[in-house]
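Got your viewer open? Let's take a walk through this one together, a selection at a time.

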Amino acid sequence: MAVVVYSLILKKKAHHEKRRVNAVSLVIREYFRKSGLDVAASSVSLDGGKSFTAFIESEPMKRFRLSHIIEATLRDQVQKSCGLLLDKVYWRFPIKDAERAVA
């Protein structure tokens, strides 16, 4: 009986964490969509849901040269919208010409 209860608790925690990860990713995408940008965003939590790491992929733009400023406002937005802490943000700017050259 204890094993069943323990497995249900673990399943509920995993489901709750997945919802929080999806909420952070959604807030990030909406944040950029409001300014007219379409980015791919995902997030993970490595410390049990206490803080989140975001991965943002976008085409290279001059507006991202000062990404540390964008990250500060993005952290505030995630905190206001979800009540969650965005700890780290990693950016990826794939270059389409390089992909063609490699292929």
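## A stroll around two serines

Start by selecting S45 and D47: their side chains make a polar contact with each other, at 3.5 Å. Keep in mind that you are looking at a predicted model.

Stay on S45 and look at what else its side chain does. It reaches the backbone oxygen of S51, 3.2 Å away. As for where you are, S45 sits in the loop that links β1 (40-44) to β2 (51-57).

Is S45 buried or exposed? It counts as buried, because its relative accessibility is 12% and the cut-off for buried is under 20%. To see what surrounds S45, select E17, V21, K50, S51 and F52: it touches each of these, leaving out residues up to four places away in sequence. Now add R20. That residue is 25 positions from S45 in sequence, yet the two C-alpha atoms are 9.0 Å apart in space.

Next stop: S43, which belongs to strand β1. This serine is buried too, so expect little of it at the surface: its relative accessible area is 6%. Which backbone oxygen does the side chain of S43 reach? That of V21, at 3.0 Å. The S43 side chain also makes a polar contact with the side chain of S25, at 3.1 Å. Beyond its neighbours within four places in sequence, S43 is in contact with V21, V24, S25, T53 and A54. V21 is worth leaving highlighted, as it turns up in the contacts of S45 and in those of S43.

Now for L46, in the loop between β1 and β2. L46 is exposed, because its relative accessible area is 77% and exposed means over 50%. Switch on the surface and select V44, L46, F55 and Y90: together they make a nonpolar patch of about 410 Å².

Finally, zoom out to the whole chain. Colour by secondary structure and you can pick out three helices and three strands. Going from the N terminus, they come in the order α-β-β-α-β-α. Turn the model around: the C-alpha atoms fill a box of roughly 60 × 40 × 20 Å along the principal axes. The radius of gyration is 17 Å, whereas a compact globule of 103 residues would have one near 13 Å.

How much of the chain is buried? Of its 103 residues, 27% count as such. With the surface still on, you are seeing about 7,500 Å² of accessible area, 58% of it from carbon and sulfur atoms.

Methods
Residues are numbered from 1 along each chain as its sequence is written. This is a predicted model: local features need pLDDT of at least 70, side-chain atom pairs count only at pLDDT 80 or more; totals for chains, interfaces and linings use all residues. Side-chain values use heavy atoms; hydrogens and water are left out. Helices (H or I, at least four residues) and strands (E, at least two) are DSSP runs, numbered from the N terminus. Buried means under 20% relative accessible area, exposed over 50%, partly exposed in between (1.4 Å probe, protein chains only). Contact means heavy atoms within 4.5 Å. A polar contact is a pair of N or O atoms within 3.5 Å; within protein, one must be able to donate a hydrogen and the other to accept it, and residues adjacent in sequence count only if both atoms are side-chain atoms. Patches are made of residues with over 30% relative accessible area and no salt bridge: like charges are joined within 9 Å, nonpolar side chains (Val, Leu, Ile, Met, Phe, Trp, Tyr) within 5 Å. Accessible areas come from the Shrake-Rupley method with a 1.4 Å probe; for residues, only the protein chains shown count as cover. A salt bridge is a side-chain nitrogen of Lys or Arg within 4 Å of a carboxyl oxygen of Asp or Glu. The radius of gyration is taken over C-alpha atoms; the globule rule is 2.2 Å times the number of residues to the power 0.38.
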